[in-house]
Amino acid sequence: MNPQGILDTSTVILLPRLRDATGLPAVPTITAVTLAELSVGPLVAQTEVERAARQAHLQQAEADFDPLPFDAAAARAFGQVAADLRRAGRKTRARAYDALIAGIAIARGLPVYTVSPADFTGISQLELVEIHHPDRGPWQQHRVQGRARRRPFG
């Protein structure tokens, strides 16, 4: 098992609120796509409080991570991701950032750690690890190919 894993944008945003870090990769990383997504946040915020919070997330991510680039290998993997999404009846544009993150993960052979596995549904070659969302009930995360499963504790 690779100790490195990619945190998707939702997970990066929720990092300070995660109660249990044991489900995270030993060597967490992010992609340039997540950095791009986080860069939009302060620019579209409706209030100064929201803008400050989003700017803080962006600056923390910039300080904590050296993002993986979207390179030629990721571009080729993205083609398969887009084809998978179309076959699953999902529009690539609706999940464009997630599809780009998936392309980077597949190209690098790394799992994506996410609090929102439904965002990646239908991507066959992607390894997902579902992280417990702090606003949802308790369960134990499992590593699976192409999808993520939850199982209640007990």
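Q: Two strands pair if DSSP finds at least two bridges between them, so which residue in strand 3 stands opposite Leu7?
A: Leu7 stands opposite Tyr113 in this predicted model. Two bridges join strand 1 to strand 3 (residues 112-114), and the two run parallel. Two bridges meet the minimum of at least two, so strand 1 and strand 3 count as a pair.

Q: How do you know that strand 1 and strand 2 pair?
A: Strand 1 (residues 4-7) and strand 2 (residues 27-29) are linked in the parallel sense over three bridges, and the definition asks for at least two. One partnership to look for is Gly5 with Pro28 in strand 2. The strands are DSSP runs of E (at least two residues), helices are runs of H or I (at least four), and both are numbered from the N terminus.

Q: What makes the β-α-β unit of strand 1, helix 1 and strand 2 right-handed?
A: With the strands pointing away from the viewer, a right-handed crossover runs clockwise from the first strand over the helix to the second. Strand 1, helix 1 (residues 9-14) and strand 2 make such a right-handed unit.

Q: Why are helix 4 and helix 5 called oblique to each other?
A: Helix 4 (residues 72-87) and helix 5 (residues 96-108) pack at about 120 degrees with axes 7 Å apart. Under 35 degrees would be roughly parallel, over 145 roughly antiparallel and 65 to 115 roughly perpendicular, with the rest oblique; helix 4 and helix 5 are therefore oblique. Their contact (heavy atoms within 4.5 Å) includes Phe78 and Leu85 of helix 4 and Leu100 and Ile104 of helix 5. By class, this contact has 12 nonpolar, one polar and no charged residues.

Q: Why is helix 2 called roughly antiparallel to helix 3?
A: The axes of helix 2 (residues 32-44) and helix 3 (residues 48-64) come within 8 Å and cross at roughly 155 degrees. That angle is over 145, so helix 2 is roughly antiparallel to helix 3. Among the residues that meet are Leu35 and Leu38 in helix 2 and Arg51 and Leu58 in helix 3. The contact of helix 2 with helix 3 has seven nonpolar, four polar and three charged residues.

Q: What makes helix 2 roughly antiparallel to helix 5?
A: Helix 2 and helix 5 pack at about 155 degrees, with axes 9 Å apart. This again exceeds the cut-off of 145, which makes helix 2 roughly antiparallel to helix 5. Val33, Thr34, Glu37 and Val40 of helix 2 touch Tyr97, Leu100, Ile101 and Ile104 of helix 5.

Q: How are the residues numbered, and which values count?
A: Residues are numbered from 1 along each chain as its sequence is written. Local features need pLDDT of at least 70, side-chain atom pairs count only at pLDDT 80 or more, totals for chains, interfaces and linings use all residues, and side-chain values use heavy atoms, leaving out hydrogens and water.

Note on methods. Axes are lines fitted to C-alpha atoms, for helices over the stretch in contact, and angles run from 0 to 180 degrees between N-to-C directions. Ala, Val, Leu, Ile, Met, Phe, Trp, Tyr, Cys and Pro count as nonpolar, Asp, Glu, Lys and Arg as charged, and the others, Gly among them, as polar.
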